[in-house]
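Got the structure open and not sure where to begin? Here is a quick briefing to read alongside it, topic by topic.

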Amino acid sequence: MYTSYYGFREKPFQIIHDPSRLFMSKGHADTYAHLEYALVADKGFVVVTGEPGSGKTALINLLIKEQGTAFKIGVLNPNDSHPEQLMTSICRIFGVSSNSHDVTEVIRVFRGLFGGYRKAGQRAVLIVDEAQDLTDEDLEQMRILANLETHKNYLIQIILVGRSGLKKKLFGNKTRDFIQRATVICHLAGLQRNEVGSYLRHRLQYAGGSHNLGLFDQEATESIYEHSRGVPKLVNIISDAALIYGYADELKTIGKDVVEEVVKDATMDDGIYPRPLSVTGKTKMVDRRMDKDIRWDIEKQVRVLENRIRRINQALRSRNSARSDKNEAVSELTCIFKKVENQLTSLLGEIKIFLS
């Protein structure tokens, strides 16, 4: 849909964890340097935290891409395995055939496997993504696994990657001795204000938009930073939606007004941010002095719906797109129709409350 209009090969703000698309902000570079140092220097237990969408998984994928041949790296997501099968899942990751639920037996197998890696000049590294979802029982098994050692070195290096709540969990009474063994603990923050513009240009260029790197003007870039707080995932969501809006309005440059409209619509749809309820079940008791504010809120929602319907009509009039663009248009228009339907339902409910 908008890809052809803006001259892209593909959507520039797709949310994927491709390390080749990773924008190395200062925060990402610092965190990666800590990870690389811990891995190469055999620093044992490592903890990396960051907010959802900050780019933790992309960093891990980059680490695997660049260091995967030098180490035996396994990646575990605790949500993909049952708690009682955690050790079995780790066995599968490292290519060990074992269905035993006896932790002692599994540890014996691991000791031989990881010791063999050491003798061959390699080391075993277990990366646990979304580690904040590990249970206390999982962490206890991790502690046992991390204790595997020779008289000189630990046999496996464990890297826990998760959201900010991971630190709180690890510093709990049951696992305090586990976190005390961490040699590297770092937190991945979002993009800084002066990095968002470079990030946008990086993604546009990767998608084939080298001729159009100034697509987002300075005010739009500032607005994106303010509403995303520099979190790359939110930057992607807002920017992608802004391109859809820009295409519908036949804009060649995305300005602040487009970004603000995207965020306003998303907020009202419980999209990017939760929508503050302007009208509740207790509205009957509201003071009449608030009627003007409530009426203004309803009128604002009507204007949003009018703008969406106008965009739908404009998009439907674009009949000269290629077949692939039409398929993309159907998908995006379906999403817009669904949002309009949900918004109409909500609006009608508020009008009924207001009039009762």
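Let's start at the end of one helix: right after α5 comes glycine 121, which has a positive phi, near 85 degrees. Keep in mind that this is a predicted model. The chain folds into 14 helices and five strands, and 47% of its 356 residues count as buried.

**The chain as a whole**

- Take the contacts in the chain with a separation of 6 or more: 76% of them join residues 24 or more positions apart.
- About 18,500 Å² of the chain is exposed, and 51% of that comes from carbon and sulfur atoms.

**Helix α5**

- Helix α5 covers residues 103-119, and its 17 residues should span 24 Å at 1.5 Å a residue; the end C-alpha atoms are 24 Å apart, so the two agree.
- Which residues of α5 are buried? They are Val106, Ile107, Phe110, Phe114, Gly115 and Tyr117.
- These buried residues cover an arc of only 160 degrees around the axis, which puts them on the same side of α5.
- Turn to the other side of α5 and you'll find Thr104, Arg108, Gly112 and Lys119 exposed.
- A handy rule helps here: an α-helix has 3.6 residues a turn, so residues three or four places apart point the same way.
- The cover over the buried residues of α5 includes the strands β2 (72-76), β3 and β4, along with the helices α4 (86-93) and α6.

**Helix α2**

- Helix α2 runs over residues 26-40, 15 residues in total, and reaches 21 Å from its first C-alpha to its last, close to the 21 Å expected at 1.5 Å a residue.
- Its buried residues are His28, Thr31, Tyr32, Leu35, Ala38 and Leu39.
- Their arc around the axis is only 125 degrees, which puts them on the same side of α2.
- Among the elements covering the buried residues of α2 are β1 (45-50), α3 (56-67), β3 (124-128), β4 (156-162), β5 (182-188) and α11 (232-248).
- After α2 comes aspartate 42, with a positive phi near 55 degrees.

**Helix α11 and asparagine 236**

- For α11, 17 residues at 1.5 Å a residue should span 24 Å, and its end C-alpha atoms are 24 Å apart, which agrees.
- How many of the 17 residues of α11 are buried? The count is 15, so the helix is largely enclosed by the rest of the structure.
- Asparagine 236 lies in α11. With a relative accessible area of 5%, asparagine 236 is buried, since the cut-off for buried is under 20%.
- Leaving aside neighbours within four places in sequence, asparagine 236 is in contact with Phe13, Gln14, Ile15, Tyr199 and Arg203.
- Glutamate 250 follows α11 and has a positive phi, near 55 degrees.

**The second largest pocket**

- The volume of this pocket is about 460 Å³.
- It is lined by 24 residues, and the closest to its centre are Ile15, His17, Gly53, Ser54 and Gly55.
- Which elements give two or more residues to the lining of the second largest pocket? They are α3, α9 (196-206) and α11.

**Far along the chain, but how far in space?**

- Glutamate 195 sits in the loop between β5 and α9, and at 12% relative accessible area it is buried.
- Glutamate 195 and methionine 24 are 171 residues apart along the chain, yet their C-alpha atoms are separated by 9.7 Å.
- Not counting residues up to four places away in sequence, glutamate 195 touches Phe23, Ser25 and Lys26.
- Is lysine 168 buried or exposed? Its relative accessible area is 72%, so lysine 168 is exposed. You'll find lysine 168 in helix α7 (residues 165-170).
- Lysine 168 and glutamine 132 are 36 residues apart in sequence and 9.2 Å apart in space, C-alpha to C-alpha.

**Positive phi in loops**

- Most residues other than glycine have a negative phi.
- Glutamate 130 is not a glycine, but its phi is positive, about 55 degrees. Glutamate 130 belongs to the loop between β3 and α6 (136-146), and its 21% relative accessibility makes it partly exposed.
- Arginine 229 also has a positive phi, near 60 degrees, and is a residue other than glycine. Look for arginine 229 in the loop between α10 (218-228) and α11; at 51% relative accessibility, arginine 229 counts as exposed.

Conventions. Residues are numbered from 1 along each chain as its sequence is written. This is a predicted model: local features need pLDDT of at least 70, side-chain atom pairs count only at pLDDT 80 or more; totals for chains, interfaces and linings use all residues. Side-chain values use heavy atoms; hydrogens and water are left out. Helices (H or I, at least four residues) and strands (E, at least two) are DSSP runs, numbered from the N terminus. Buried means under 20% relative accessible area, exposed over 50%, partly exposed in between (1.4 Å probe, protein chains only). Contact means heavy atoms within 4.5 Å. Accessible areas come from the Shrake-Rupley method with a 1.4 Å probe; for residues, only the protein chains shown count as cover. The expected span of a helix is 1.5 Å times one less than its number of residues. The arc is that of the directions from the helix axis to the C-beta atoms. On a 1 Å grid over the protein atoms alone, a cavity is a set of points where a 1.4 Å probe fits but cannot get out, and a pocket is an open set with protein on both sides within 12 Å along at least five of seven lines; lining residues have an atom within 4 Å of a point. Grid points are joined across faces, edges and corners, and a volume is the space filled by probe spheres set on the points.
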